[in-house]
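Trainee: I have the model open on my screen. Can we walk through it together, one question at a time?

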Amino acid sequence: MIYLDYNATTPLCDAAREAMLPYFSQHFGNPSSIHRAGRNARAAVDNARDKIAGLIHAKPNEIIFTSGGTESCNLAVLGLARCGMEGGGHVISNKTEHHAVLHAVEHLEKHESFEVTWLETSNDGIVDLDQLEKSIRPETRLVSIMTANNETGVIQPLKEISKICRERGVLLHSDMVQSFGKIDIDISLVDAASFAAHKFYGPKGGGFLFVRSGLSHENQRRPGTENVPAIAGMAAAAEFALTNRQAEQDRQSKLRDEFWNLISQNVPDAKLNGEDAPRLANTLNVSLLGLDSEMLLIALDLKGVCASSGSACMVGSVSASHVLLAMGLPVERARSAVRFSLGKQTTADEIDTAGKVVAEIVERLSKRKSAHAVA
């Protein structure tokens, strides 16, 4: 099997597994209990909080542990939009966001009397900074713009976005789920940011939310018993993901570009989405025009290549990418898109094989489509 869907989830690293094991058996206490077993579990949570805070240059009390990226985004968007005022307000986001943000913003719009401005993007997926600046008004509560897109890998100009929000006194949240371990994270640019462990070789079911000091109080944070094994594993995975980060990203960038060269040389109708924008080193989003994403993914799977058509949070559904449509690309291009995402275990041999598989599949499916059209 050639796994090229690291943006959907990553394999658990050894460091995370080893960090988790003691808290399944030996140190199984409830971290809220006052006895020794509880204190041992609490120490693991506190140590993980300190480690993660140090890695992103935040304060430990600015880290809130969650069940993953979606909960982190929901808490940030809903919590900060409602913060300090009663009833309604104004929120700014854009339609290329992950559904974790989109659905939260849509809820505010439909059910809580919020007005929403959806920013336009370029055909490469970069938000319109002029529109952002003009859209902010006195009642604007929150701007939520992801750092890097999960489908295209396009990296937003967060420094410029932050500058606009800071000058206008508006809170800024960023979905950094796909960014951590891949690009430099400057947490000082935002008021809140969301992360998910399983995107950086940690366990599923673990995540965290950074919220800048002064925006929340301890008794207003996420309720419930902490998932101690996941938290311990997430901290170890975060350290693992950042080890030799730049060298690893350079390696993945070369493999990604080689993969695109193989595809473009053999598939004349292939289109690279987000081509002229800064992109994550590991992400390649390609439209194979004239073919259907679902058919392509099934054919790839039968050949042992794992890829996707976009977000993995749509319960296995395959439809035209909302991200590519929001970028203004034609429906045909959105319906024929496939996302390949690389990781630490991806090899040059796997890329070479996958390139040949894609060319073979496209040729076969194109011939079949032509035959059906003639018939």
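Mentor: Start with a cut-off: a residue counts as buried when its relative accessible area is under 20%. Keep in mind that the model is predicted.

Trainee: How many residues of strand E3 are buried?
Mentor: In a regular strand the side chains alternate between the two faces of the sheet. On one side of E3 sit Gly89, Val91 and Ser93, and on the other His90, Ile92 and Asn94. Both faces are covered. The count of buried residues is 6 of 6.

Trainee: Which residue of E4 stands opposite asparagine 94?
Mentor: E3 (residues 89–94) pairs with strand E4 (residues 114–119) in the parallel sense. The pairing runs over 6 bridges. Opposite asparagine 94 stands leucine 119.

Trainee: Now the open sheet. Which strands stand at its edges?
Mentor: The sheet has 3 strands in the order E9-E10-E12, with antiparallel pairing. Two of them have a single partner strand each, so one side of each is left without a neighbour in the sheet. These edge strands are E9 and E12.

Trainee: What is the average twist from one strand to the next?
Mentor: Take the order E9-E10-E12 again. From one strand to the next, the twist averages 30 degrees.

Trainee: Which residue of E10 stands opposite alanine 270?
Mentor: E9 and E10 are antiparallel and pair over 3 bridges. Alanine 270 faces leucine 288.

Trainee: What angle does helix H8 make with E10?
Mentor: H8 spans residues 245–266 and packs on the sheet. It touches E9, E10 and E12. Its direction makes an angle with that of E10 of about 10 degrees.

Trainee: And what angle does helix H9 make with E12?
Mentor: H9 covers residues 293–302 and lies across E10 and E12. It runs to E12 at about 40 degrees.

Trainee: Is lysine 254 buried or exposed?
Mentor: Lysine 254 belongs to helix H8. Exposed requires over 50% relative accessible area. Lysine 254 has 63%, so it counts as exposed.

Trainee: How far apart in space are lysine 254 and asparagine 282?
Mentor: In sequence they are 28 residues apart. C-alpha to C-alpha, the separation is 9.1 Å.

Trainee: Arginine 279 next. Which side chain of opposite charge is nearest?
Mentor: Arginine 279 sits in the loop between strands E9 and E10. It is buried and has no salt bridge. A salt bridge needs the charged atoms within 4 Å. The nearest side chain of opposite charge is 4.9 Å away, and it belongs to aspartate 257.

Trainee: Which backbone oxygen does the side chain of arginine 279 reach?
Mentor: Contacts of arginine 279 include Thr152, Ile155, Arg256 and Gly274. The side chain reaches a backbone oxygen at 3.3 Å, that of glycine 274.

Trainee: Is glutamine 178 buried or exposed?
Mentor: Glutamine 178 is in the loop between strands E6 and E7. Its contacts include Ala148, Lys199 and Leu280. Its relative accessible area is 4%, so glutamine 178 is buried.

Trainee: Which residue's backbone oxygen lies 2.8 Å from the side chain of glutamine 178?
Mentor: The partner on the glutamine 178 side is a polar side-chain atom. The backbone oxygen belongs to asparagine 7.

Trainee: Last one. Is asparagine 244 buried or exposed?
Mentor: Asparagine 244 lies in the loop between helices H7 and H8. Its C-alpha is 9.7 Å from that of glycine 181. With a relative accessible area of 59%, asparagine 244 is exposed.

Key: Residues numbered from 1 in each chain as written. Predicted model: local features only at pLDDT ≥ 70, side-chain atom pairs only at ≥ 80, totals over all residues. Heavy atoms only, no water. Helix = DSSP H or I, 4+ residues; strand = E, 2+ residues; numbered from the N terminus. Buried < 20%, exposed > 50% of the residue type's maximum accessible area, 1.4 Å probe, protein only. Lys, Arg positive; Asp, Glu negative; His and termini not counted. Polar contact = N/O pair within 3.5 Å; in protein donor to acceptor, adjacent residues only side chain to side chain. Contact = heavy atoms within 4.5 Å. Pairing = 2+ DSSP bridges. Axes fitted to C-alpha atoms, helices over the stretch in contact; angles between N-to-C directions. Lists of a residue's contacts leave out its neighbours within four places in sequence.
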